[in-house]
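Hi,

Here is the model we talked about, with the sequence alongside. Have a look first, and my notes on a helix pair and a sheet follow below.

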Amino acid sequence: MLSRSSASKAQAIAKLCAMPHSALATTMLRAALLHTLKPRQSSAAVAAESSASAGASAASSPTAAVSAAQQAFAPLDTFLRRHNGPRQSDVEAMLQALGFKSLDEMVAAAVPNSIRLPEPLQIADGEFPERELLAKLKNIASQNKVYRSFIGTGYTDVVVPNVILRNILENPGWYTQYTPYQPEISQGRLESLLNFQTVVSDLTGLPAANASLLDEGTAAGEALVVCLNSARKKTRNVFFADENCHPQTLAVLRTRAEGFGAEIVVGDYKTFDFASLGDRLAGALVSYPDTYGSICDYKILADTVHGQGGQLVVAADLMSLSVLQPPGEFGADIAIGNTQRFGVPLGYGGPHAAFFATTAANQRRVPGRIIGVSRDAEGNRAYRLALQTREQHIRREKASSNICTAQALLANMAAMYAVYHGPEGIKAIADRIHRFTQVVAASVASAGHTIENTTYFDTLRIRVADTTSAAEVHARAAECQINLRRIDSQTVGITLDEAVVRDELVKLVEIFGGNAAAVDSLATSVSATVSESSAIPAGLVRQGAILSHPIFNRYHSETEMLRYITQLQNKDLSLANAMIPLGSCTMKLNATTELIPITWPEFSQIHPFAPHEQTQGYAKMIKDLEEDLASITGMDATTVQPNSGAQGEYAGLRAIRAYQSSKGEGHRNICLVPDSAHGTNPASAVMAGLKVVIVKCDNKGNLDLVDLEAKAQKHATNLSAVMITYPSTFGVFEDGVLRAIEIVHANGGQVYMDGANMNAQVGLTSPGYMGADVCHLNNHKTLAIPHGGGGPGVGPICVKSHLAPFLPGHPELVNADGTPQSTVGPVSAAPYGSAGVLPVTWSYIKLLGARGMTEVSKTAILNANYMSNRLRDHYSILYTNDKGMCAHEFILDTRVFGKSAGVQAIDIAKRLQDYGFHPPTMSWPVPNTIMIEPTESESKEEMDRFCDALITIREEIREIEEGKQPRDNNILVNAPHSIAKVSAEEWPHPYSRQRAAYPLPSLRERKFWPSVSRVDDAYGDLNLMCSCPPMENYQ
Ligand SMILES: Cc1ncc(COP(=O)(O)O)c(C=O)c1O
């Protein structure tokens, strides 16, 4: 029998159980917040607080009983306390060190009151505990229907080798790495990316390949610009594109051409009169195989294009290149494409790595990153980013590309796929795909349909018999949960992939009314290999070996593969090892719960052009995100299409231009950019067809408002926009931002806010509240998508309502009546860009909710100020506000040590590696300084370890200043100290090996070894080698 109080408690619990799930969740959440927003007490204290209040109240009223039940059922897996590094006692100690009584008091000193949000941030639901979050997202994911898609058009299903899935895609040792700008602690992924370049170079038959680009469409745009730039005359600005390229590639190409004033002529390459273009032809793009499957011989076309002074660009399919003649052999100057089918999931369109390969003549114009081989200080082989200072976006307004973040993780996956399968494995996959395509072709033809392409590798364009229609075929396919490509009312397309199994082949044959019983005999009677097949033009069968380098011939058992992946991973410092305090890069926690959903089939196995009724889960998640991101930024509309921050900048500036054109102000072509801006800002402005006018910053690091006003007034008639990063790249919340925005608006311009530093804004202020018209977010910084060693990136843009009609469209984004949703062209090949990683950001927002995210911003500011305060007696902090506060990052002025000790910022950076840390951002935005951003996720202990390292390094510098160590042979200029260096027979240095390797006692417990000593940049650039070194180096 229940006691009275127990009975009322039970009733209350019953009431709770009868609540709808969301109401229950909300109620529980409030209780859970005891563990989140008030987590600063120890768990025991919270539990005591909970049970004390539960005990007292249960006896008194039903409401109190509910409260007791809430306490009893409160989830323990709340997230905020896991996401933020410092514990409550740490927060108190840090505030005390800074002289503040509360977090809010500290924030008030860092953030100008004039920009603070008057009301708390609002986000529809959220603050879910981790397990509940996954259940909720699974529910949304289940609204996606996972059909087998044979739509092709540049995307196919794959069999992701599980050893790669688990040990790269799902492994924080790989996905939390940063771009390998510090080669000594990045040799693993540099080797892997060099493998990627080698695969691309080998399969395309072109000597110079990069690692990597955002998608095939972007790569086509980059190829266009290389063609334009290598033409001597500006009038050579017409680019031909064959009509049988993938539609999304053509659409992105058209977009890109606009900013450069180039004309895209789309036609049939077979009949087009190239002579009519005279010397205006910059280049031509064709697809190999084409979008409908035909394999054409482009040799004559190459001669024609070259004869007219242009370049031939070939959009190629990497898998078919293993069996087809490489483009380099028939005269292509550039080959581009997507590497998705090398073991990277569909993910509703991305992220996937695109490739770009070209001739030696174009080598120094290659966009994105190139990995090269160099040597270290001991003369050992070492990899590095080659031609680093020539990375296009670093050339600012002289750049021809804005590629920075570029799908590195996915390039690593594709490279590992080639390493795992090797030449025979890849060829076997290609032969199998082609064999099954022949089976379908034969069955479909004998059922009375017409295969329109006489040549093919994996794609058939089928004109269905008059007795049926494409609609009927699609309906039958849908019954089998199969998607085919929709071409027109009588034509369907089908592309086979490596994942096809016998049952699917049977279903495909049946869908076309073919003889399923004949599948087995056909499968054995058609050509077993591409080289014997009549569907491949004889002259286009590949001759000679592929992937003969030992790296692709060694690791074919899972044990060997696992060890190779792990061996490379062990050379790379990631967040799994230590903090990566890179200013402006926000290397925060990428939580496991946030990452888990990306490999669910409901998200990862969806084709980007699957019918909308199959993608309702994605639609719901993307809608949630668009709304939440608009709230976070104080804007009205969002697109998640851009694949990186820089693509966001480009999309945002294009929206501004399209809006201005719609008002008859298309002449506005001036973009004001502060000299402190990230290189992608001016580069994106140039790509959007704008002229960059640089605005100065004053000696406190603030935007020089006098200069801004003068330039805005001078260019008022033609002023299009200003690009502002906030808080500034100098790490300060500038007071003058509102005035800057006012000035630009008063002179007819629009305000673009670069969101790279949004981690300091969320919940405290917002671009929209401050008056910006458009901003981008770097989801791979602020919103927990991992950096992956240089991508995936997601750079959504959020705009005020007047710009909403000018967000990028896409051939697949159409209204019910078939009209395009936007008249503005796409910036990415897939309608929602890198949709496959959007679940990460969705989860981050829903785990933290509005209050949690606000707490995150405050903690990020606290952590930065704590560190700057600890370091200020040892280094000078370059910029702070008038209260001595920085925002979420700060710059250490290391320039003085050049004179006093011959030590540069790079020496401090390299010495930090000996202490087991990834160096902060170096020499940007101020040359020869370092910029530190700890993020909220780092604990006080880790920040103290980092500060201890920097303080000890300061003492090491002092020894040089005091003449105790020579200027040319000291512990800094010789850093980092690899194992090889420390254990060498000879030790010609005036300090001990122990000091070199173990400068602090704590390192005995926790040492990360740089795998090479300092890499020789100049040697690498002078002796450029961008594919795997010759075999003898591997003996
Ligand atoms: C201030 C700023 N803007 C723009 C970008 C470009 O972003 P993404 O690398 O995603 O293209 C960065 C990248 O670090 C940045 O720091």
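Contact here means heavy atoms within 4.5 Å. Please keep in mind that this is a predicted model.

With that cut-off, which residues of helix 16 meet helix 20? On the helix 16 side they are Met416, Val419 and Tyr420, and across from them helix 20 brings in Glu558, Met561, Tyr564, Ile565 and Leu568. Sorted by character, the residues of this contact come out as seven nonpolar and one charged, with no polar ones.

As for the geometry, two packed helices are described by the angle between their axes and the distance between the axes. For helix 16 (residues 408-446) and helix 20 (residues 558-569), the axes come within 10 Å and cross at roughly 145 degrees. The crossing of helix 16 past helix 20 is right-handed.

Now to the sheet. It is open, has five strands in the order 1-13-14-12-11, and its pairing is mixed. Strand 1 (148-150) and strand 11 (450-451) are at the edges with a single partner strand each, so one side of each has no neighbour in the sheet.

Further in, strand 13 (residues 482-488) pairs with strand 14 (residues 491-495) in the antiparallel sense, over three bridges. Asp488 sits opposite Thr491 of strand 14 there.

Two helices pack on this sheet. Helix 17 (residues 470-479) touches strand 13 and strand 14, and its direction makes about 165 degrees with that of strand 13. Helix 18 (residues 502-511) touches strand 1, strand 13 and strand 14, and its direction makes about 40 degrees with that of strand 13.

Cheers

Terms used
Residues are numbered from 1 along each chain as its sequence is written. This is a predicted model: local features need pLDDT of at least 70, side-chain atom pairs count only at pLDDT 80 or more; totals for chains, interfaces and linings use all residues. Side-chain values use heavy atoms; hydrogens and water are left out. Axes are lines fitted to C-alpha atoms, for helices over the stretch in contact, and angles run from 0 to 180 degrees between N-to-C directions. Helices (H or I, at least four residues) and strands (E, at least two) are DSSP runs, numbered from the N terminus. A crossing is left-handed if the near helix is turned anticlockwise from the far one by less than a right angle, and right-handed if clockwise. Ala, Val, Leu, Ile, Met, Phe, Trp, Tyr, Cys and Pro count as nonpolar, Asp, Glu, Lys and Arg as charged, and the others, Gly among them, as polar. Two strands pair if DSSP finds at least two bridges between them.
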